Amino acid sequence: MTELAPEIAPEIAAKVRASFDRQTMMQTLGAEMVEIGPGRIIITAPILPTVLQQQGAGHAGLTFSIGDSAAGFAALTLMPSEAEVMTVEMKLNLMSPAIGERLVAEGRVIRPGRRIMVVAADVWAETGGARKHVAMLQGTMIPV
């Protein structure tokens, strides 16, 4: 369920949700957008048996996918209503194996701009109530 921060316009939240719902990759991964705020998005995804690497941890592709999407949709919350967003570049630092029940990606805008936006995301692995920081992403988004 998506929480709507009081500072974000309902039409922007609806646009962001609709754009997320069109991403078939997020559907394939079982990802959900669980929070929308101005310049901030949280996406979760289960660590399913179909997204593991050979040692049994969540694959870096899963981590990158939800981190990139969280950062990109955070940028979209600050763009004009007619704009969409695409990643120009994204750096990923993997800090720990993604072992747990699910991943939580917290995307945010670092510097909004008219032509580009600098964004970041942190990805956490969760099991029960315990959380472990597994990755950091930083990149650039462009309105299209």
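Reader: Which residue in S6 does Glu-106 stand opposite?

Author: The model discussed here is a predicted one. Strand S5 covers residues 102-111, and S5 pairs with S6 in the antiparallel sense over nine bridges. Within S6, the residue opposite Glu-106 is Asp-122.

Reader: How many residues does the hairpin between S5 and S6 pass through?

Author: S5 and S6 are antiparallel partners. The connection from S5 to S6 is a hairpin, and the number of residues it passes through is five.

Reader: Over how many bridges do S6 and S7 pair?

Author: Strand S7 takes in residues 130-143 and runs antiparallel to S6. One point of register is Val-119, which stands opposite Gly-139 in S7. The number of bridges in the S6 and S7 pairing is 11.

Reader: Which residue in the turn between S6 and S7 has a positive phi?

Author: S6 and S7 form a hairpin, with two residues between the strands. In that turn, a positive phi of about 60 degrees belongs to Gly-128.

Reader: Is strand S6 largely enclosed or largely open?

Author: Strand S6 spans residues 117-127, a run of 11 residues. Eight of these residues are buried, so the rest of the structure leaves S6 largely enclosed.

Reader: Is Ala-121 buried or exposed?

Author: Ala-121 belongs to strand S6. Apart from neighbours within four places in sequence, Ala-121 is in contact with Gly-67, Ala-71, Glu-106, Gly-107, Arg-108, Ala-135, Met-136 and Leu-137. Buried means under 20% relative accessible area. Because its relative accessibility is 1%, Ala-121 counts as buried.

Reader: How far apart in space are Ala-121 and Ala-70, C-alpha to C-alpha?

Author: Along the sequence, Ala-121 and Ala-70 are 51 residues apart. In space, their C-alpha to C-alpha distance is 6.8 Å.

Reader: What is the relative accessibility of Met-117?

Author: Met-117 is another residue of strand S6. Leaving aside neighbours within four places in sequence, its contacts include Ala-75, Leu-78, Met-79 and Val-109. The C-alpha atoms of Met-117 and Ala-74, 43 residues apart along the chain, are separated by 9.9 Å. Met-117 counts as buried because its relative accessibility is 2%.

Reader: Which helix gives the most to the largest nonpolar core?

Author: The largest nonpolar core has 40 residues, of which Ile-66 and Leu-103 touch the most other members. Eight residues of this core come from the helix that gives the most, residues 60-76, which is H3.

Reader: Which tryptophan does Leu-103 touch?

Author: Leu-103 is one of the two residues that touch the most other members of the largest nonpolar core. Not counting residues up to four places away in sequence, Leu-103 touches residues including Ile-43, Leu-62, Ile-66 and Val-134. The tryptophan that Leu-103 touches is Trp-124.

Reader: Where do Glu-106 and Arg-131 lie?

Author: Glu-106 and Arg-131 form a salt bridge in which the closest N and O atoms are 2.6 Å apart. This pair links distant parts of the chain, 25 residues apart. Glu-106 lies in strand S5, and Arg-131 lies in strand S7.

Reader: Which residues are linked with Glu-106 and Arg-131 in a network of salt bridges?

Author: Glu-106 is partly exposed, with a relative accessible area of 23%. Arg-131 is also partly exposed, at 40%. The salt-bridge network links these two with Arg-102 and Glu-126.

Reader: In which helix do Arg-17 and Asp-21 both lie?

Author: The side chains of Arg-17 and Asp-21 meet in a salt bridge, at 3.7 Å from N to O. Arg-17 is partly exposed at 22% relative accessibility, and Asp-21 is partly exposed at 41%. The two residues are four apart, about one turn of the helix that holds them both, which is H1.

Reader: How many salt bridges does the structure hold?

Author: One of the salt bridges joins the side chains of Glu-35 and Arg-40, at 2.2 Å from N to O. Arg-40 counts as partly exposed at 36% relative accessibility. The number of salt bridges in the structure is seven.

Reader: What accessible area does the nonpolar patch on the surface have?

Author: The patch is formed by Met-86, Val-88, Ile-116, Ile-142 and Val-144. Of these, Met-86 is found in strand S4, residues 85-94. Together, the five residues have an accessible area of about 430 Å².

Technical notes:
Residues are numbered from 1 along each chain as its sequence is written. This is a predicted model: local features need pLDDT of at least 70, side-chain atom pairs count only at pLDDT 80 or more; totals for chains, interfaces and linings use all residues. Side-chain values use heavy atoms; hydrogens and water are left out. Buried means under 20% relative accessible area, exposed over 50%, partly exposed in between (1.4 Å probe, protein chains only). Two strands pair if DSSP finds at least two bridges between them. Patches are made of residues with over 30% relative accessible area and no salt bridge: like charges are joined within 9 Å, nonpolar side chains (Val, Leu, Ile, Met, Phe, Trp, Tyr) within 5 Å. Accessible areas come from the Shrake-Rupley method with a 1.4 Å probe; for residues, only the protein chains shown count as cover. A salt bridge is a side-chain nitrogen of Lys or Arg within 4 Å of a carboxyl oxygen of Asp or Glu. A nonpolar core is a set of buried Ala, Val, Leu, Ile, Met, Phe, Trp, Tyr and Cys residues joined through side-chain atoms within 4.5 Å. Contact means heavy atoms within 4.5 Å.
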